[in-house]
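The report below walks through one protein chain, moving from its overall make-up to its interior, its surface and its final helix. Please keep the sequence and the model open while reading.

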Amino acid sequence: AYALDPVQKDIIKYSKKLFSPEDCLAFRESYQKTLTREIIRSPAQIFVLSLEQLSSRLQDISQIRMLHSLLDMENVDVYVVAYLRSQDEYLLSMYSTKVKVGIEERPFSIPEQGSPEWSRFDYASLLRMWGEVFGDSNIIVRVFERDRLVNKDIIADFFAALGREDC
């Protein structure tokens, strides 16, 4: 909700009871203060912000820049770890999730090229935007297939990707 357009309607914003642009801006300010305070007070060396929808919700580079501004703190290194599954598996997962939560009733179909949903499957463009904002060297891309994960475990693989097998 932090980086989403304050005017654009979105179910995530509604779930946070952010019904107006003013609500969104107040949430942004409060969230940034809270996150900064938690990071400063914490003795932890690693902070993980994780959300599967980052790639599907943040479709515009200005939204990614907004997220970057939230994380742009002194003495904090930010890495983006992107787990990508093959596009056909992603499409099936997306459809089955929509069916499970009751927002998809029509028969299965492939999104039309050029539609907002279609852009979710263009991994090269997606990674290019994130790399432009966070720096290509801070983007770590992993294949989301159980057999290719360290110990076939997403958490072990995540920390290995960051060079922190000790966590």
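## Overall make-up

Among the contacts in the chain with a separation of 6 or more, 61% are made by residues 24 or more positions apart. The coordinates come from a predicted model, and every value in this report should be read with that in mind. The chain holds eight helices and two strands, which follow one another along the sequence in the pattern α-α-α-α-β-α-α-α-β-α. Taken along the principal axes, its C-alpha atoms fill a box of roughly 50 × 45 × 30 Å. Of the 167 residues, 31% count as buried, while the chain exposes about 11,400 Å², with carbon and sulfur atoms supplying 52% of that area.

## The nonpolar interior

The largest nonpolar core has 22 residues, and those with the most contacts inside it are L58, L67, W130 and F134. Helix 2 (21-41), helix 4 (61-71) and helix 7 (123-134) are the elements that give two or more residues to this core, and helix 4 provides the largest share, five residues. Apart from this core lies another one, of six residues, including Y90, M94, F121 and Y123.

Returning to the larger set, L67 can serve as a point of entry for inspection. Leaving aside neighbours within four places in sequence, L67 is in contact with A3, L54, L58, W130 and F134.

## Surface features

On the surface, L92, F108, I110 and W118 form a nonpolar patch, and together these residues have about 400 Å² of accessible area. W118 belongs to helix 6 (residues 116-119); its relative accessibility is 31%, and W118 therefore counts as partly exposed. E74 sits in the loop between helix 4 and strand 1 (80-84), and because its relative accessibility is 72%, E74 counts as exposed.

The three residues whose accessibility is given in this report can be set side by side.

| Residue | Relative accessibility | Class |
|---|---|---|
| D157 | 1% | buried |
| W118 | 31% | partly exposed |
| E74 | 72% | exposed |

E74 also offers a link to the last helix, since a distance to one of the residues there is available: from C-alpha to C-alpha, E74 and I155 are 27 Å apart in space, and they are 81 residues apart in sequence.

## Helix 8 and its surroundings

Helix 8 spans residues 154-161 and includes D157. At the N-terminal end, helix 8 is capped by D153, which places a side-chain oxygen 3.2 Å from the backbone nitrogen of I155. After the helix comes G163, whose phi is positive, near 75°.

Which residues of helix 8 are buried? They are D157, F158, F159, A160 and A161, and these buried residues pack against strand 1 and strand 2 (139-143).

Is D157, an acidic residue, buried or exposed in this model? With a relative accessibility of 1%, D157 falls under the 20% cut-off for burial and so counts as buried. Not counting residues up to four places away in sequence, D157 touches Y83, R142, R148, L149 and V150.

Definitions and conventions
Residues are numbered from 1 along each chain as its sequence is written. This is a predicted model: local features need pLDDT of at least 70, side-chain atom pairs count only at pLDDT 80 or more; totals for chains, interfaces and linings use all residues. Side-chain values use heavy atoms; hydrogens and water are left out. Helices (H or I, at least four residues) and strands (E, at least two) are DSSP runs, numbered from the N terminus. Buried means under 20% relative accessible area, exposed over 50%, partly exposed in between (1.4 Å probe, protein chains only). Contact means heavy atoms within 4.5 Å. A nonpolar core is a set of buried Ala, Val, Leu, Ile, Met, Phe, Trp, Tyr and Cys residues joined through side-chain atoms within 4.5 Å. Patches are made of residues with over 30% relative accessible area and no salt bridge: like charges are joined within 9 Å, nonpolar side chains (Val, Leu, Ile, Met, Phe, Trp, Tyr) within 5 Å. Accessible areas come from the Shrake-Rupley method with a 1.4 Å probe; for residues, only the protein chains shown count as cover. A salt bridge is a side-chain nitrogen of Lys or Arg within 4 Å of a carboxyl oxygen of Asp or Glu. A polar contact is a pair of N or O atoms within 3.5 Å; within protein, one must be able to donate a hydrogen and the other to accept it, and residues adjacent in sequence count only if both atoms are side-chain atoms.
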